[in-house]
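Colleague: I would like to go through the pocket and the ligand with you. Give me the reasoning behind each label.

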Amino acid sequence: MISKEHEPFIGFGTTAVHAGQESEKWDSNQVVAPISLSTTFKWEKPGEMPEHGYARTSNPTRASLQQCIAALEGAKHATAFSSGSAASVAVFELLKSGDHVLIDQGVFWGTTKILSHLESHGITFTTFDFTKQDEIKNELQKNTKLVWFETPSNPLLRVIDIKRVVEIVKNYNSHILLTVDNTFATPYFQKPIDFGVNIVVHSMSKYISGHSDVIMGAVITNCDQINNDLKRIQNVTGAVPSPFDCWLALRGAKTLHLRMEKHYENALNIAKFLEKQELVEKVIFPGLPSHPQYEIHQKQSSGSPGLITVFLKGNVDEASRFVHSLKLFTCAASLGGVESLVSHPWLMSFKDNMDGEKLGIRPNMIWFSVGIEDVRDLVVDLERALKMMQS
Ligand SMILES: *Cc1c(COP(=O)(O)O)cnc(C)c1O
(Lines give C-alpha, C1' and ligand atoms only; values in the text may rest on other atoms or scores of the structure.)
Protein backbone atom coordinates (compact mmCIF):
# COMPACT_ATOMS: atom_id res chain seq x y z
CA MET A 1 0.00 0.00 0.00
CA ILE A 2 1.39 3.38 -0.97
CA SER A 3 0.78 6.02 1.65
CA LYS A 4 -0.29 9.31 0.16
CA GLU A 5 0.26 11.12 3.43
CA HIS A 6 1.82 14.56 2.92
CA GLU A 7 2.06 13.92 -0.80
CA PRO A 8 2.05 17.34 -2.35
CA PHE A 9 -0.61 17.67 -5.01
CA ILE A 10 -0.33 20.20 -7.80
CA GLY A 11 -3.49 21.99 -6.86
CA PHE A 12 -5.42 23.10 -3.79
CA GLY A 13 -8.67 21.46 -4.93
CA THR A 14 -7.07 18.01 -5.00
CA THR A 15 -5.70 18.49 -1.49
CA ALA A 16 -9.12 19.70 -0.29
CA VAL A 17 -10.85 16.60 -1.64
CA HIS A 18 -8.23 13.96 -0.79
CA ALA A 19 -5.68 14.93 1.87
CA GLY A 20 -5.93 12.71 4.94
CA GLN A 21 -8.81 10.76 3.40
CA GLU A 22 -7.17 7.87 1.54
CA SER A 23 -9.62 4.96 1.46
CA GLU A 24 -6.83 2.45 2.19
CA LYS A 25 -6.68 3.64 5.76
CA TRP A 26 -10.22 2.60 6.62
CA ASP A 27 -11.14 -1.00 7.43
CA SER A 28 -13.63 -1.29 4.54
CA ASN A 29 -11.85 0.95 2.04
CA GLN A 30 -14.50 3.63 2.46
CA VAL A 31 -14.22 6.44 -0.10
CA VAL A 32 -15.57 8.90 2.46
CA ALA A 33 -13.94 9.08 5.89
CA PRO A 34 -16.18 7.27 8.39
CA ILE A 35 -17.44 8.91 11.57
CA SER A 36 -15.64 6.94 14.23
CA LEU A 37 -17.70 7.13 17.42
CA SER A 38 -15.78 4.71 19.61
CA THR A 39 -14.31 6.45 22.65
CA THR A 40 -11.73 3.74 23.13
CA PHE A 41 -9.70 1.27 21.06
CA LYS A 42 -8.56 -2.30 21.57
CA TRP A 43 -4.93 -2.92 22.51
CA GLU A 44 -3.54 -6.08 20.90
CA LYS A 45 -1.05 -6.35 23.78
CA PRO A 46 -0.90 -4.22 26.92
CA GLY A 47 2.61 -3.02 26.06
CA GLU A 48 1.78 -2.00 22.51
CA MET A 49 -0.15 1.23 22.33
CA PRO A 50 -2.46 1.21 19.29
CA GLU A 51 -2.43 4.16 16.86
CA HIS A 52 -5.53 5.50 18.60
CA GLY A 53 -5.88 4.71 22.29
CA TYR A 54 -8.59 6.92 23.75
CA ALA A 55 -10.67 9.34 21.67
CA ARG A 56 -9.83 12.52 23.59
CA THR A 57 -6.19 11.83 22.78
CA SER A 58 -6.73 10.69 19.20
CA ASN A 59 -9.62 9.70 16.96
CA PRO A 60 -9.52 8.50 13.33
CA THR A 61 -12.02 11.05 11.96
CA ARG A 62 -10.27 13.90 13.74
CA ALA A 63 -6.86 12.63 12.59
CA SER A 64 -8.11 12.74 8.99
CA LEU A 65 -9.37 16.27 9.38
CA GLN A 66 -6.13 17.42 11.02
CA GLN A 67 -4.11 16.00 8.11
CA CYS A 68 -6.37 17.68 5.59
CA ILE A 69 -6.24 21.11 7.29
CA ALA A 70 -2.44 20.93 7.68
CA ALA A 71 -2.09 20.09 3.99
CA LEU A 72 -4.36 22.97 2.98
CA GLU A 73 -2.13 25.43 4.85
CA GLY A 74 0.94 23.79 3.28
CA ALA A 75 2.14 22.70 6.73
CA LYS A 76 3.06 19.48 8.52
CA HIS A 77 0.77 19.58 11.54
CA ALA A 78 -2.72 20.64 12.57
CA THR A 79 -4.49 20.24 15.90
CA ALA A 80 -8.28 20.56 15.99
CA PHE A 81 -10.22 22.09 18.88
CA SER A 82 -13.87 22.37 19.79
CA SER A 83 -13.98 26.05 18.73
CA GLY A 84 -11.80 28.73 17.21
CA SER A 85 -11.63 30.25 20.67
CA ALA A 86 -10.36 27.00 22.21
CA ALA A 87 -7.73 26.88 19.43
CA SER A 88 -6.62 30.41 20.36
CA VAL A 89 -6.47 29.53 24.05
CA ALA A 90 -4.27 26.53 23.17
CA VAL A 91 -1.76 28.88 21.50
CA PHE A 92 -1.68 31.13 24.57
CA GLU A 93 -1.18 28.01 26.70
CA LEU A 94 2.27 27.81 25.10
CA LEU A 95 3.19 30.90 27.19
CA LYS A 96 4.36 31.22 30.77
CA SER A 97 3.66 33.72 33.49
CA GLY A 98 5.80 36.81 32.83
CA ASP A 99 5.49 36.60 29.05
CA HIS A 100 4.23 39.49 26.93
CA VAL A 101 2.02 39.33 23.82
CA LEU A 102 1.75 42.03 21.14
CA ILE A 103 -1.46 41.97 19.08
CA ASP A 104 -2.82 44.08 16.27
CA GLN A 105 -5.76 46.31 17.18
CA GLY A 106 -7.98 44.58 14.61
CA VAL A 107 -8.29 41.08 16.02
CA PHE A 108 -11.43 39.12 16.82
CA TRP A 109 -12.86 40.67 20.03
CA GLY A 110 -12.81 37.25 21.75
CA THR A 111 -9.03 37.02 21.30
CA THR A 112 -8.61 40.24 23.26
CA LYS A 113 -11.00 38.89 25.89
CA ILE A 114 -8.89 35.72 26.29
CA LEU A 115 -5.78 37.86 26.80
CA SER A 116 -7.57 40.08 29.34
CA HIS A 117 -8.52 36.93 31.21
CA LEU A 118 -4.92 35.70 31.13
CA GLU A 119 -3.66 38.89 32.80
CA SER A 120 -4.64 37.34 36.12
CA HIS A 121 -2.29 34.45 35.19
CA GLY A 122 0.66 36.82 34.78
CA ILE A 123 0.60 37.23 30.99
CA THR A 124 0.59 40.84 29.76
CA PHE A 125 -0.42 42.12 26.33
CA THR A 126 -0.43 45.34 24.35
CA THR A 127 -2.41 46.32 21.30
CA PHE A 128 -0.98 48.24 18.36
CA ASP A 129 -1.92 49.31 14.84
CA PHE A 130 0.11 46.88 12.71
CA THR A 131 -0.51 48.86 9.52
CA LYS A 132 2.14 51.21 11.01
CA GLN A 133 4.64 48.43 10.41
CA ASP A 134 7.77 50.49 10.86
CA GLU A 135 6.78 51.33 14.42
CA ILE A 136 6.14 47.73 15.47
CA LYS A 137 9.69 47.23 16.71
CA ASN A 138 9.18 49.96 19.34
CA GLU A 139 6.31 47.89 20.74
CA LEU A 140 8.35 44.72 21.20
CA GLN A 141 9.65 44.05 24.70
CA LYS A 142 12.39 41.85 26.13
CA ASN A 143 9.72 39.43 27.37
CA THR A 144 7.58 39.49 24.19
CA LYS A 145 7.01 35.83 23.29
CA LEU A 146 4.10 36.03 20.88
CA VAL A 147 2.94 38.42 18.15
CA TRP A 148 -0.58 37.91 16.80
CA PHE A 149 -2.59 39.47 13.98
CA GLU A 150 -5.30 38.87 11.40
CA THR A 151 -5.24 40.05 7.80
CA PRO A 152 -7.70 41.20 6.53
CA SER A 153 -8.45 42.46 10.04
CA ASN A 154 -11.58 42.32 12.13
CA PRO A 155 -13.96 44.06 11.35
CA LEU A 156 -12.42 46.90 9.28
CA LEU A 157 -10.60 44.62 6.79
CA ARG A 158 -7.30 46.47 7.17
CA VAL A 159 -4.51 44.57 5.46
CA ILE A 160 -1.25 43.85 7.27
CA ASP A 161 1.97 43.09 5.42
CA ILE A 162 2.75 39.56 6.63
CA LYS A 163 6.27 39.37 5.18
CA ARG A 164 7.27 42.75 6.59
CA VAL A 165 5.93 42.03 10.08
CA VAL A 166 7.74 38.67 10.12
CA GLU A 167 11.02 40.40 9.14
CA ILE A 168 10.70 43.09 11.79
CA VAL A 169 9.77 40.71 14.58
CA LYS A 170 12.34 38.03 13.71
CA ASN A 171 15.09 40.67 13.44
CA TYR A 172 14.25 41.80 16.95
CA ASN A 173 14.13 38.28 18.40
CA SER A 174 13.97 35.14 16.30
CA HIS A 175 12.35 33.20 19.18
CA ILE A 176 9.15 35.22 19.16
CA LEU A 177 6.24 33.11 17.92
CA LEU A 178 4.41 34.79 15.07
CA THR A 179 0.78 33.80 14.86
CA VAL A 180 -1.76 34.69 12.19
CA ASP A 181 -5.47 34.03 12.61
CA ASN A 182 -6.19 33.10 8.98
CA THR A 183 -9.96 32.60 9.42
CA PHE A 184 -10.94 35.39 7.02
CA ALA A 185 -8.50 34.83 4.15
CA THR A 186 -8.47 31.00 4.37
CA PRO A 187 -5.52 29.00 3.03
CA TYR A 188 -7.09 29.14 -0.42
CA PHE A 189 -6.22 32.83 -0.71
CA GLN A 190 -3.29 33.18 1.68
CA LYS A 191 -0.76 30.89 3.38
CA PRO A 192 0.96 32.80 6.20
CA ILE A 193 3.38 29.94 6.91
CA ASP A 194 4.98 30.56 3.49
CA PHE A 195 5.96 34.02 4.78
CA GLY A 196 7.71 32.67 7.88
CA VAL A 197 4.80 32.75 10.33
CA ASN A 198 5.17 30.03 13.01
CA ILE A 199 1.53 29.35 13.83
CA VAL A 200 -1.76 29.71 11.98
CA VAL A 201 -5.07 29.67 13.82
CA HIS A 202 -8.50 29.05 12.34
CA SER A 203 -12.03 29.34 13.45
CA MET A 204 -13.26 26.51 11.24
CA SER A 205 -16.78 27.60 12.19
CA LYS A 206 -16.45 30.07 9.31
CA TYR A 207 -15.18 29.45 5.75
CA ILE A 208 -13.46 26.08 6.18
CA SER A 209 -16.62 24.29 7.30
CA GLY A 210 -18.53 26.86 5.32
CA HIS A 211 -22.15 25.94 6.03
CA SER A 212 -22.77 27.62 9.42
CA ASP A 213 -23.35 24.27 11.10
CA VAL A 214 -20.11 23.50 12.96
CA ILE A 215 -18.24 25.25 15.78
CA MET A 216 -14.60 24.25 15.56
CA GLY A 217 -11.03 25.53 15.48
CA ALA A 218 -7.53 24.46 14.50
CA VAL A 219 -3.91 25.40 15.09
CA ILE A 220 -1.45 24.70 12.29
CA THR A 221 2.35 24.67 12.39
CA ASN A 222 5.42 23.26 10.70
CA CYS A 223 7.36 23.04 13.94
CA ASP A 224 7.51 19.57 15.54
CA GLN A 225 8.13 20.98 19.02
CA ILE A 226 5.15 23.37 18.88
CA ASN A 227 3.02 20.54 17.50
CA ASN A 228 4.02 18.23 20.38
CA ASP A 229 3.09 20.95 22.86
CA LEU A 230 -0.23 21.58 21.12
CA LYS A 231 -1.09 17.87 21.02
CA ARG A 232 -0.31 17.67 24.73
CA ILE A 233 -2.50 20.73 25.42
CA GLN A 234 -5.30 19.25 23.27
CA ASN A 235 -5.16 16.01 25.23
CA VAL A 236 -4.75 17.53 28.70
CA THR A 237 -7.32 20.34 28.40
CA GLY A 238 -9.71 18.15 26.40
CA ALA A 239 -11.38 20.84 24.23
CA VAL A 240 -11.73 18.37 21.33
CA PRO A 241 -14.33 18.45 18.53
CA SER A 242 -16.79 15.57 18.17
CA PRO A 243 -16.23 12.96 15.42
CA PHE A 244 -19.46 14.06 13.75
CA ASP A 245 -18.32 17.69 13.66
CA CYS A 246 -14.94 16.59 12.28
CA TRP A 247 -16.75 14.74 9.52
CA LEU A 248 -18.88 17.82 8.73
CA ALA A 249 -15.76 19.99 8.60
CA LEU A 250 -14.02 17.51 6.28
CA ARG A 251 -17.07 17.52 4.04
CA GLY A 252 -17.15 21.32 4.06
CA ALA A 253 -13.45 21.67 3.32
CA LYS A 254 -13.79 19.61 0.13
CA THR A 255 -15.46 22.58 -1.59
CA LEU A 256 -13.46 25.39 0.05
CA HIS A 257 -11.74 26.39 -3.21
CA LEU A 258 -15.04 26.52 -5.16
CA ARG A 259 -16.84 28.45 -2.46
CA MET A 260 -14.03 30.99 -1.99
CA GLU A 261 -13.98 31.77 -5.72
CA LYS A 262 -17.71 32.43 -5.61
CA HIS A 263 -17.59 34.44 -2.35
CA TYR A 264 -14.85 36.58 -3.93
CA GLU A 265 -16.67 37.07 -7.22
CA ASN A 266 -19.97 37.97 -5.52
CA ALA A 267 -18.32 40.28 -2.99
CA LEU A 268 -16.33 42.09 -5.68
CA ASN A 269 -19.51 42.69 -7.67
CA ILE A 270 -21.36 43.91 -4.61
CA ALA A 271 -18.48 46.13 -3.47
CA LYS A 272 -18.42 47.75 -6.93
CA PHE A 273 -22.19 48.17 -6.86
CA LEU A 274 -22.14 49.74 -3.39
CA GLU A 275 -19.31 52.13 -4.31
CA LYS A 276 -21.62 53.69 -6.90
CA GLN A 277 -24.56 54.26 -4.58
CA GLU A 278 -25.54 57.76 -3.51
CA LEU A 279 -26.34 56.64 0.04
CA VAL A 280 -22.99 54.94 0.55
CA GLU A 281 -20.18 56.97 2.09
CA LYS A 282 -17.38 54.40 1.86
CA VAL A 283 -16.80 50.76 0.91
CA ILE A 284 -13.92 48.76 2.34
CA PHE A 285 -13.03 45.63 0.37
CA PRO A 286 -9.40 44.51 0.00
CA GLY A 287 -10.05 43.45 -3.61
CA LEU A 288 -10.91 47.03 -4.68
CA PRO A 289 -8.14 49.38 -5.83
CA SER A 290 -9.65 52.01 -3.51
CA HIS A 291 -8.56 49.93 -0.48
CA PRO A 292 -5.67 51.70 1.31
CA GLN A 293 -3.53 48.52 1.40
CA TYR A 294 -4.64 47.13 -1.97
CA GLU A 295 -1.03 46.62 -3.17
CA ILE A 296 0.00 44.68 -0.07
CA HIS A 297 -3.11 42.54 -0.32
CA GLN A 298 -2.39 41.76 -3.98
CA LYS A 299 1.14 40.75 -3.06
CA GLN A 300 0.23 38.24 -0.34
CA SER A 301 -3.26 36.99 -1.23
CA SER A 302 -4.69 35.53 -4.40
CA GLY A 303 -8.17 36.86 -3.62
CA SER A 304 -10.45 38.38 -1.01
CA PRO A 305 -13.00 36.62 1.17
CA GLY A 306 -16.66 37.66 0.90
CA LEU A 307 -16.41 40.30 3.61
CA ILE A 308 -17.31 43.94 3.00
CA THR A 309 -17.41 46.86 5.43
CA VAL A 310 -19.65 49.74 4.38
CA PHE A 311 -20.23 53.18 5.89
CA LEU A 312 -23.67 54.49 4.93
CA LYS A 313 -24.66 58.13 4.61
CA GLY A 314 -27.06 58.08 7.50
CA ASN A 315 -27.44 57.93 11.26
CA VAL A 316 -27.72 54.86 13.45
CA ASP A 317 -31.48 54.57 12.91
CA GLU A 318 -31.20 54.77 9.13
CA ALA A 319 -28.41 52.20 9.14
CA SER A 320 -30.53 49.99 11.35
CA ARG A 321 -33.53 50.38 9.02
CA PHE A 322 -31.34 49.40 6.08
CA VAL A 323 -30.24 46.20 7.82
CA HIS A 324 -33.79 45.46 8.90
CA SER A 325 -35.07 45.92 5.32
CA LEU A 326 -32.75 43.32 3.85
CA LYS A 327 -34.43 39.99 3.19
CA LEU A 328 -31.81 37.74 1.61
CA PHE A 329 -29.01 38.98 3.86
CA THR A 330 -29.90 37.61 7.28
CA CYS A 331 -29.00 39.83 10.21
CA ALA A 332 -26.74 37.57 12.27
CA ALA A 333 -23.26 37.45 13.78
CA SER A 334 -20.67 35.17 12.10
CA LEU A 335 -19.38 34.84 8.56
CA GLY A 336 -18.13 32.42 5.98
CA GLY A 337 -21.26 30.39 5.33
CA VAL A 338 -22.86 29.79 1.94
CA GLU A 339 -25.71 32.14 2.90
CA SER A 340 -25.30 35.92 2.99
CA LEU A 341 -25.29 37.60 6.39
CA VAL A 342 -25.31 41.23 7.46
CA SER A 343 -24.54 42.82 10.79
CA HIS A 344 -24.63 46.25 12.36
CA PRO A 345 -21.55 46.10 14.62
CA TRP A 346 -22.33 49.35 16.44
CA LEU A 347 -25.61 48.00 17.78
CA MET A 348 -24.70 44.32 17.87
CA SER A 349 -21.20 44.23 19.36
CA PHE A 350 -19.86 47.67 20.23
CA LYS A 351 -22.75 49.52 21.88
CA ASP A 352 -21.33 49.23 25.38
CA ASN A 353 -17.73 48.93 24.28
CA MET A 354 -15.92 52.25 24.56
CA ASP A 355 -13.16 50.97 22.28
CA GLY A 356 -15.45 50.77 19.24
CA GLU A 357 -15.14 54.44 18.37
CA LYS A 358 -11.38 54.43 18.97
CA LEU A 359 -11.02 51.53 16.54
CA GLY A 360 -13.01 53.29 13.84
CA ILE A 361 -16.34 51.51 14.28
CA ARG A 362 -19.15 53.99 13.75
CA PRO A 363 -22.96 53.92 14.07
CA ASN A 364 -23.37 53.98 10.27
CA MET A 365 -21.10 50.98 9.66
CA ILE A 366 -22.52 47.78 8.17
CA TRP A 367 -20.71 44.50 7.78
CA PHE A 368 -21.51 41.91 5.11
CA SER A 369 -20.57 38.28 4.76
CA VAL A 370 -21.50 37.69 1.14
CA GLY A 371 -22.66 34.15 0.39
CA ILE A 372 -22.69 32.12 -2.80
CA GLU A 373 -26.23 32.93 -3.95
CA ASP A 374 -26.85 34.41 -7.40
CA VAL A 375 -25.43 37.91 -7.09
CA ARG A 376 -28.34 39.41 -9.06
CA ASP A 377 -30.72 38.51 -6.24
CA LEU A 378 -28.35 39.96 -3.67
CA VAL A 379 -28.13 43.25 -5.57
CA VAL A 380 -31.93 43.48 -5.83
CA ASP A 381 -32.11 43.01 -2.08
CA LEU A 382 -29.53 45.75 -1.46
CA GLU A 383 -31.23 48.17 -3.87
CA ARG A 384 -34.55 47.73 -2.10
CA ALA A 385 -33.06 48.18 1.37
CA LEU A 386 -31.22 51.34 0.31
CA LYS A 387 -34.54 52.78 -0.91
CA MET A 388 -36.22 51.91 2.38
CA MET A 389 -33.39 53.33 4.47
CA GLN A 390 -34.67 56.90 4.43
CA SER A 391 -38.37 56.20 4.35
C1 LIG B 1 -15.22 33.50 14.88
C2 LIG B 1 -13.79 33.82 14.99
C3 LIG B 1 -13.00 33.33 16.03
C4 LIG B 1 -13.58 32.47 17.15
O5 LIG B 1 -14.01 31.26 16.66
P6 LIG B 1 -15.18 30.36 17.32
O7 LIG B 1 -15.18 29.15 16.47
O8 LIG B 1 -16.44 31.17 17.24
O9 LIG B 1 -14.78 30.13 18.74
C10 LIG B 1 -11.65 33.62 16.04
N11 LIG B 1 -11.11 34.40 15.07
C12 LIG B 1 -11.83 34.91 14.07
C13 LIG B 1 -11.17 35.73 13.04
C14 LIG B 1 -13.19 34.65 13.99
O15 LIG B 1 -13.91 35.17 12.99
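Modeller: Start with the lining of the largest pocket: it divides into 17 nonpolar, 20 polar and 8 charged residues. Keep in mind that this is a predicted model.

Colleague: What makes a residue part of that lining?

Modeller: A lining residue has an atom within 4 Å of a grid point of the pocket. For the largest pocket, 45 residues line it, and V107, F108, W109, N154 and F350 are the closest to its centre. The space in this pocket is about 1,100 Å³.

Colleague: Which helix or strand gives the most to the lining?

Modeller: α4 does, with 5 residues. Elements that each supply at least two include α3 (84–92), β2 (100–104) and β6 (199–203). α13 (345–348) and α14 (355–359) are also among them.

Colleague: Where does the ligand sit?

Modeller: In the largest pocket. The test is that more than half of the ligand's atoms lie within 2 Å of the pocket's grid points, so the ligand is said to sit there.

Colleague: Which residues come nearest to the ligand?

Modeller: G84, S85, D181, S205 and K206, out of 14 around it. That shell holds 4 nonpolar, 7 polar and 3 charged residues.

Colleague: Why is the pair between S205 and the ligand called a polar contact?

Modeller: The cut-off is 3.5 Å between N or O atoms. An N or O atom in the S205 side chain is 2.6 Å from a ligand oxygen, so the pair qualifies. The S85 side chain also has an N or O atom 2.7 Å from an oxygen of the ligand, so that pair qualifies too. For G84, a backbone N or O atom lies 2.8 Å from a ligand oxygen, and therefore this is a polar contact as well.

Colleague: How much of the ligand's accessible area does the protein cover?

Modeller: The protein covers 91% of the 380 Å² that the ligand has on its own.

Colleague: Now the backbone. Which peptide bonds are cis in the loop between β4 and α6?

Modeller: T151 to P152 is cis, with omega near -5 degrees. N154 to P155 is cis too, with omega near -10 degrees. P152 is in the loop between β4 (144–150) and α6 (162–172), and P155 is found there as well.

Colleague: What makes N29 and S334 worth listing?

Modeller: Most residues other than glycine have a negative phi. N29 is not a glycine, yet its phi is positive, about 55 degrees. S334 is not a glycine either, and its phi is about 105 degrees. N29 is in the loop between α1 (12–18) and α2 (60–72). S334 is in the loop between β10 (330–331) and β11 (341–343).

Methods:
Residues are numbered from 1 along each chain as its sequence is written. This is a predicted model: local features need pLDDT of at least 70, side-chain atom pairs count only at pLDDT 80 or more; totals for chains, interfaces and linings use all residues. Side-chain values use heavy atoms; hydrogens and water are left out. A residue is near a molecule or strand if one of its heavy atoms lies within 4 Å of it. A polar contact is a pair of N or O atoms within 3.5 Å; within protein, one must be able to donate a hydrogen and the other to accept it, and residues adjacent in sequence count only if both atoms are side-chain atoms. Accessible areas come from the Shrake-Rupley method with a 1.4 Å probe; for residues, only the protein chains shown count as cover. On a 1 Å grid over the protein atoms alone, a cavity is a set of points where a 1.4 Å probe fits but cannot get out, and a pocket is an open set with protein on both sides within 12 Å along at least five of seven lines; lining residues have an atom within 4 Å of a point. Ala, Val, Leu, Ile, Met, Phe, Trp, Tyr, Cys and Pro count as nonpolar, Asp, Glu, Lys and Arg as charged, and the others, Gly among them, as polar. Grid points are joined across faces, edges and corners, and a volume is the space filled by probe spheres set on the points. Helices (H or I, at least four residues) and strands (E, at least two) are DSSP runs, numbered from the N terminus.
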